[in-house]
Amino acid sequence: MVKAYLTIDDSPSSDFLGKVNFLSSIRVPAVFFCRGDLIEGRRDELIEAIQRGFIIGSHSYIHKRHSLLSLEECLDSIRRNDEILEELYLGAGVKRRKKVFRFPYLDNGCGSFPSSKEGLSIEEIRWLEKVMKDVVGESKFPDIEQISKKEVLQNELKVLGYKGIPGVNISAYNKGFGSFDSNITYCSNDWHLVLRHQKTYQETVKDLKRKIEEEILSLKDLSVQIMLFHDYGEKIVDEAFRFLISFMKEEGVDFLDLNRIS
Ligand SMILES: [Zn+2]
């Protein structure tokens with residue numbers, strides 16, 4: 001049986017509470033990575049989600065590629081959203097036991113490839129390129145400055161108490177990504193369904209279902225998967241979300257609750 005964490009980026013949208021209700025109804029836990037710039041106006045909804053057992057993670061305050069921001073802007077964006085989430089948990093009366101962070105576009109300061117290629121095997125590089133390609137496109141290896149920026153940002157996350165999602169037993173993931181942010185092992189490509197991307201990708205919900213069959217349901221290895229979906233508040237993507245999560249649940253995917261992992 002495939003074990004997976006469901007992680008949802010770019011929350012909260014107008015469909016946020018709809019997703020919370022849907023996931024509760026089929027008993028699927030999830031981590032919502034929330035953008036600070038979208039939280040204002042939906043604080044009560046986030047507080048409700050926290051009280052109902054969902055984890056609200058940080059997706060930084062500014063939804064921009066952190067390799068394109070100055071170091072100060074990155075640090076400010078990380079700290080600012082951390083304070084907002086602390087307030088939300090305080091407002092919910094729930095202890096923030098799990099602090100998780102995901103960089104917008106998985107860009108940890110290194111751009112479109114998360115680390116130096118030193119020490120990575122060809123297979124590990126390919127694995128990372130595939131994951132990054134599903135999220136941001138073709139990979140370019142980072143330069144020394146970007147790698148040192150990554151180290152500063154990882155250290156900041158560590159100081160703030162963030163930890164990666166545990167249990168991934170894939171060497172490329174553990175060697176390539178940072179230890180203190182949360183990355184993914186699988187991208188649903190749901191963002192291809194967004195109206196402005198449809199012409200480029202021409203994918204349908206059926207294509208996304210087939211991707212799940214080929215890349216998730218067929219898995220023989222025992223690593224935990226970290227799956228990426230999005231919360232856009234756009235009808236076609238929101239419907240696909242419900243359809244694909246229900247499908248995986250019916251197929252026996254075991255969705256893990258990060259709250260219950262020590
Ligand atoms: Zn995002």
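## What counts as a core

A nonpolar core is a set of buried Ala, Val, Leu, Ile, Met, Phe, Trp, Tyr and Cys residues joined through C-beta atoms within 7 Å. Keep that in mind as we look around this predicted model. The largest such core here has 62 residues, and the ones with the most contacts inside it are Y5, L6, F32, I56 and M227. Among the pieces of the structure, helix α10 (residues 235–250) gives the most to this core, with 5 residues. There's a general habit behind this: in soluble globular proteins, nonpolar side chains tend to be buried together.

## The whole chain

Let's step back for a moment. The chain has 10 helices and 6 strands. Its radius of gyration is 17 Å, close to the 18 Å that the globule rule gives for 262 residues, so the chain is as compact as a globular protein of that length. Along the principal axes, the C-alpha trace spans about 45 × 40 × 40 Å.

How much of the chain is buried? Buried residues make up 42% of the 262. The contacts also reach far along the sequence: of those with a separation of 6 or more, 81% are between residues 24 or more positions apart.

## Strand β1 and its partners

Strand β1 covers residues 3–11. With 8 of its 9 residues buried, β1 is largely enclosed by the rest of the structure. Which strands does β1 pair with? One is β5, in the parallel sense over 6 bridges. Another is β2, also parallel, through 4 bridges. Strand β6 (residues 254–255) runs parallel to β1 too, joined by 2 bridges.

You can pick out single pairs if you like. A4 has Q225 as its bridge partner in β5 and stands opposite F255 in β6. L6 sits opposite M227 in β5, while D9 faces F33 in β2. Follow the chain from β1 through α1 to β2 and you trace a right-handed β-α-β unit.

## Strand β5, covered on both faces

Strand β5 (residues 225–230) has 6 of its 6 residues buried. In a regular strand the side chains alternate between the two faces of the sheet. You can see that here: Q225, M227 and F229 point one way, I226, L228 and H230 point the other way, and all are buried.

Besides β1, strand β5 has β4 (residues 186–187) alongside, running parallel and joined by 2 bridges. In that pairing, Y186 has M227 as its bridge partner.

## F32 and I56

F32 lies in strand β2 (residues 31–34). Why does F32 count as buried? It has 24 other C-beta atoms within 10 Å, and the cut-off for being buried is 20 or more. Leaving out residues up to four places away in sequence, F32 touches I8, S11, A49, F54, I56, G57 and D231. The C-alpha atoms of F32 and D10 are separated by 7.9 Å, although these residues are 22 apart along the chain.

I56 has its own set of contacts. Again skipping neighbours within four places in sequence, I56 meets F32, C34, L46, A49, I50, L85 and L88.

## Helix α3 has two sides

Some of those contacts of I56 bring us to helix α3 (residues 43–51), where L46, A49 and I50 are buried. These three cover an arc of only 100° around the axis, which puts them on the same side of α3. An α-helix has 3.6 residues a turn, so residues three or four places apart point the same way. On the other side of α3, D44 and Q51 are exposed.

What covers the buried residues of α3? The cover includes α1 (16–25), β2, α2 (36–39), β3 (55–58) and α4 (71–92). Just after α3, G53 takes a positive phi of about 100°.

## Some backbone oddities

Most residues other than glycine have a negative phi, and most peptide bonds are trans. A few spots here break that pattern. D10, in strand β1, has a positive phi near 70°. D10 counts as buried because it has 20 other C-beta atoms within 10 Å. Close by in the sequence, a cis peptide bond joins S11 and P12, with omega about 0°. P12 belongs to the loop between β1 and α1.

N189 is another non-glycine with a positive phi, about 60°. You'll find N189 in the loop between β4 and α8 (195–201). With 19 C-beta neighbours inside 10 Å, N189 counts as partly exposed.

How values were computed
Residues numbered from 1 in each chain as written. Predicted model: local features only at pLDDT ≥ 70, side-chain atom pairs only at ≥ 80, totals over all residues. Buried ≥ 20, exposed ≤ 12 C-beta atoms within 10 Å, placed from the backbone. Contact = placed C-beta atoms within 7 Å. Pairing = 2+ DSSP bridges. Arc of directions from axis to C-beta. Right-handed = clockwise from strand over helix to strand, strands pointing away. Rg over C-alpha atoms; globule rule 2.2 N^0.38 Å.
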